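The exercises below are meant to be worked with the coordinates open. Each task is followed by a solution in steps.

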Amino acid sequence: MKSRKLYNRIAVLRKERNVSRRDLAEIIGVNFQTVGYLEREEYNPSLDLAFKISEYFGLPIELIFSAEPLKPLIEEIIELKNKIGGQ
Amino acid sequence: MKQTNSMTRQNRKLWIIVNYLSIILVLGFFYIGKYYDLPTLALIGGAVSLILLIFSFVKVFIKTQLWKLAHTSDKNLDERQLQVILSSLRYSYSAFTIITLAIIYGFAVAGQGPIDVVVAACLLYFAHTLPAAIVGWKEKII
């Protein structure tokens, strides 16, 4: 079964937090090359690995992974704020 | 499993071809010696092919850690590496079965009886290296 492509913000979040690929790999328990594959969106993580990544960055999983191409994080946060404010 | 690999995929492919060509050469010289009564040529050619086989094996399977990756315990692999290994084992199972059956069939058709010990040794080597070779052939980065 061919799975669809998943988009993610791992590279942006990792750089923003100033963490190396090797360090992130060690924290989430994978090989550092796998972090590269994830960042290039050439590999879709398992649900368990996706949760580990979201727990490490302290963000909801849907802010890191998406089936649609991702907008810049700041735009997403503003949209979320507006949604909450409008309720 | 930690890995370091400086060889490009292009180079890996080239050395995998060299490695398997050298097995064919070893077999070729073995049969030259067996059927054409040219022991010196068979011995020298066989020795050179064997050296090439060992050299290319070390270069493409040991130095790139492909061998380690394909033969390590599942516990030492992450989920992506496990997927890569499982897929390579699936391909190598099919390829090995087809090639082995074709060789046995070829021997039977040619009236040669059971396969020679050198052919069996080459098939053993082929079975052991094929999963690693498929990983090296298919993966961009190991």
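**Exercise 1. A salt bridge within one helix**

Is K52(A) buried, partly exposed or exposed? Find also its salt-bridge partner.

Solution. The model is a predicted one. Step 1: the relative accessible area of K52(A) is 36%. Step 2: buried requires under 20% and exposed over 50%, so K52(A) is partly exposed. Step 3: the side chain of K52(A) forms a salt bridge with that of D48(A), with an N to O distance of 3.9 Å; the cut-off is 4 Å. Step 4: both residues belong to helix α4 of chain A (residues 47-57), where they are 4 residues apart, about one turn of the helix.

**Exercise 2. Salt bridges between distant parts of the sequence**

Determine which parts of chain B are tied together by the pair D116(B) and K34(B), and treat E39(A) and R21(A) likewise.

Solution. Step 1: the side chains of D116(B) and K34(B) meet at 2.9 Å, N to O. Step 2: D116(B) sits in the loop between α4 and α5 of chain B and K34(B) in helix α1 of chain B, so the bridge ties together parts 82 residues apart in sequence. Step 3: D116(B) counts as buried because its relative accessibility is 13%, while K34(B), at 41%, is partly exposed. Step 4: salt bridges with shared partners join R14(A), R21(A) and E39(A) into one network. Step 5: within it, the closest N and O atoms of E39(A) and R21(A) are 3.0 Å apart. Helix α3 of chain A holds E39(A) and helix α2 of chain A (residues 21-28) holds R21(A), so this pair ties together parts 18 residues apart in sequence. Step 6: E39(A) is buried at 12% relative accessibility, and R21(A) is partly exposed at 32%.

**Exercise 3. Helix α1 and the core of chain B**

Check the length of helix α1 of chain B against its residue count, then describe what packs on this helix.

Solution. Step 1: chain B has 5 helices and 0 strands. Step 2: helix α1(B) covers residues 9-35, which is 27 residues; at 1.5 Å a residue the span should be 39 Å, and the end C-alpha atoms are 39 Å apart, so the two agree. Step 3: the buried residues of α1(B) include W15(B), N19(B), Y20(B) and I23(B). Their cover includes α2, α3, α4 and α5 of chain B. Step 4: the largest nonpolar core has 26 residues, and Y20(B), F61(B) and Y125(B) have the most contacts inside it. Helix α5(B) gives the most to this core, 9 residues. Step 5: leaving out residues up to four places away in sequence, Y125(B) touches N19(B), Y20(B), I23(B), L53(B), F57(B) and F61(B).

**Exercise 4. The interface**

How many residues does each chain bring to the contact, and which three residues of chain A supply the most buried area?

Solution. Step 1: chain A contributes 15 residues and chain B 12 residues. Step 2: about 1,100 Å² is buried between the chains, with 40% coming from carbon and sulfur atoms. Step 3: N31(A), Y37(A) and Y43(A) supply 47% of the area that chain A buries against chain B, more than any other three residues. Step 4: the rule finds 1 salt bridge across the interface; K140(B) and E42(A) meet in a salt bridge at 2.6 Å, N to O. Step 5: there are also 7 residue pairs in polar contact across the interface. Step 6: helix α3 of chain A (residues 32-39) provides 4 residues, the largest share of the side of chain A that touches chain B.

Notes:
Residues are numbered from 1 along each chain as its sequence is written. Chains are lettered from A and ligands numbered from 1 in the order in which they are written. This is a predicted model: local features need pLDDT of at least 70, side-chain atom pairs count only at pLDDT 80 or more; totals for chains, interfaces and linings use all residues. Side-chain values use heavy atoms; hydrogens and water are left out. Helices (H or I, at least four residues) and strands (E, at least two) are DSSP runs, numbered from the N terminus. The expected span of a helix is 1.5 Å times one less than its number of residues. Buried means under 20% relative accessible area, exposed over 50%, partly exposed in between (1.4 Å probe, protein chains only). Contact means heavy atoms within 4.5 Å. A nonpolar core is a set of buried Ala, Val, Leu, Ile, Met, Phe, Trp, Tyr and Cys residues joined through side-chain atoms within 4.5 Å. Buried area is the accessible area (1.4 Å probe) that two parts lose on being put together, summed over both. A polar contact is a pair of N or O atoms within 3.5 Å; within protein, one must be able to donate a hydrogen and the other to accept it, and residues adjacent in sequence count only if both atoms are side-chain atoms.
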